[in-house]
Amino acid sequence: IAPASADLMARLAAGMADDLLSTLCLASEAPLYLAPAMNQAMWRHPATQDNAARLQRRGVTLWGPAEGEQACGDQGPGRMLEPEQLLSHLIKALAPRERLLEGLAVTITAGPTREGLDPVRFISNHSSGRMGFACAAAAAELGARVRLVAGPVSLPTPSGVERVDVESAEQMREAVLAAPGAIFIATAAVADYRPRLSADEKIKKGSESMDLELVRNPDILAEVAALQFGRPFCVGFAAETDNLVAHARAKLEGKGLDMVAANWVGERAEGGGFNSEENALELFWADGTESLPRAPKTELARALLARIAERYYRVKQEQ
């Protein structure tokens, strides 16, 4: 849709169907691409930014806006991309994709795990699951039979993907080992520790401090990578706040993985990482590395799965 005004984006975000265009969008399962076009203040307004984020979470792709002079005389972001640019994006988006993983079983973990303290409290982390769900969608596009083992997240299941919902690390381990697939991609942020004991009743507030004893959770990725029979091609994720290269290499070698995809979180993330629509990745394997630049996680996942497919077949040839 070009141009996509602030009003149209708001109506699409709200799921309205009060004219032909919005009705068509709501009734269609086709991919939706929007080319925003509006005044710079309208684009920057929190309501528009919230609508844009909501649409992207649903899988809508935004092309633009560009920056520059606007019809009202303002300068800034809000210009619709030039028609030539939109045509180039469209050709690339609709080009037939090679089904590089046709028929292969791919298991992907996504999201956080929750380790219960009592019936109402738990230990967890900030993982949104978006990268894992994007990887599942990308793998399905490439023809794979995808099994997505998801921690507690509020995301729709990608088309053509089998979803298994779990809460704890132990539950995730059982689900993964039941069918690790030909390729195992561990994007989930699994809690490293869990409480030794979980209370049956809600823990009431008492003294000024409370001691909490934690024990190690199983290392699902290391366990899968160490399988003697039916070991899959193993891809790990590393979210780092410092020494990204060293930590990623240590994970690759220490767990005997085929590939590690590392990204910054915290202050070094520059808008990426947990709970972000975008990210950037550094890929590592035994004799190489590659950078995938910042992009929406849907696009980043497509690039990552293409690299995984390439490395998978190369390893198979070497074997």
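Visitor: What makes the charged end of arginine 216 count as sitting over the ring of tyrosine 193?

Guide: The charged end of arginine 216 is 5.9 Å from the centre of that ring. The rule wants NZ of Lys or CZ of Arg within 6 Å of the ring centre and within 35 degrees of the ring normal, so 5.9 Å makes the distance cut and the contact is listed as a charge over a ring. Bear in mind that this is a predicted model: local features need pLDDT of at least 70, side-chain atom pairs count only at pLDDT 80 or more, and totals for chains, interfaces and linings use all residues. Residues are numbered from 1 along each chain as its sequence is written, and side-chain values use heavy atoms, with hydrogens and water left out.

Visitor: Why is the pair of phenylalanine 233 and tyrosine 312 called edge-to-face?

Guide: The ring centres are 6.0 Å apart and the planes meet at 85°. Rings of Phe, Tyr and Trp (its six-membered ring) pair if their centres lie within 6.5 Å, and planes under 30 degrees apart are stacked, over 60 edge-to-face, the rest tilted. So this one pairs by distance and is edge-to-face by angle. Phenylalanine 233 sits in strand S13 and tyrosine 312 in helix H10 (residues 297-318), so the pair ties together parts 79 residues apart in sequence. Helices (H or I, at least four residues) and strands (E, at least two) are DSSP runs, numbered from the N terminus.

Visitor: What about tyrosine 312 and tyrosine 313?

Guide: Edge-to-face again, at 5.1 Å centre to centre and 75° between the planes. Phe233, Tyr312 and Tyr313 form one aromatic cluster, and the structure holds three aromatic pairs.

Visitor: How do you know whether tyrosine 312 is buried or exposed?

Guide: Its relative accessibility is 9%. Buried means under 20% relative accessible area, exposed over 50%, partly exposed in between (1.4 Å probe, protein chains only), so tyrosine 312 is buried. Phenylalanine 233 is buried too, whereas tyrosine 313, at 35%, is partly exposed.

Visitor: And leucine 101, buried or exposed?

Guide: Leucine 101 comes out at 0%, so it is buried, even though it is found in the loop between helix H5 (83-94) and strand S5 (105-110). Its C-alpha atom is 8.8 Å from that of glutamate 141, 40 residues apart along the chain. Glycine 256, in the loop between helix H9 (244-254) and strand S14 (259-264), is partly exposed at 39%. Across the chain, 43% of the 319 residues count as buried.

Visitor: What makes the protein chain as compact as a globular protein of that length?

Guide: Its radius of gyration is 22 Å, close to the 20 Å that the globule rule gives for 319 residues, so the label holds. The radius is taken over C-alpha atoms, and the rule is 2.2 Å times the number of residues to the power 0.38. The chain has 10 helices and 16 strands, and the C-alpha trace spans about 60 × 60 × 40 Å along its principal axes.

Visitor: Which element gives the largest share of the lining of the second largest pocket?

Guide: That would be S13, with four residues. Helix H6 (130-141), strand S10 (183-186) and helix H8 (220-225) are among the elements that each supply at least two.
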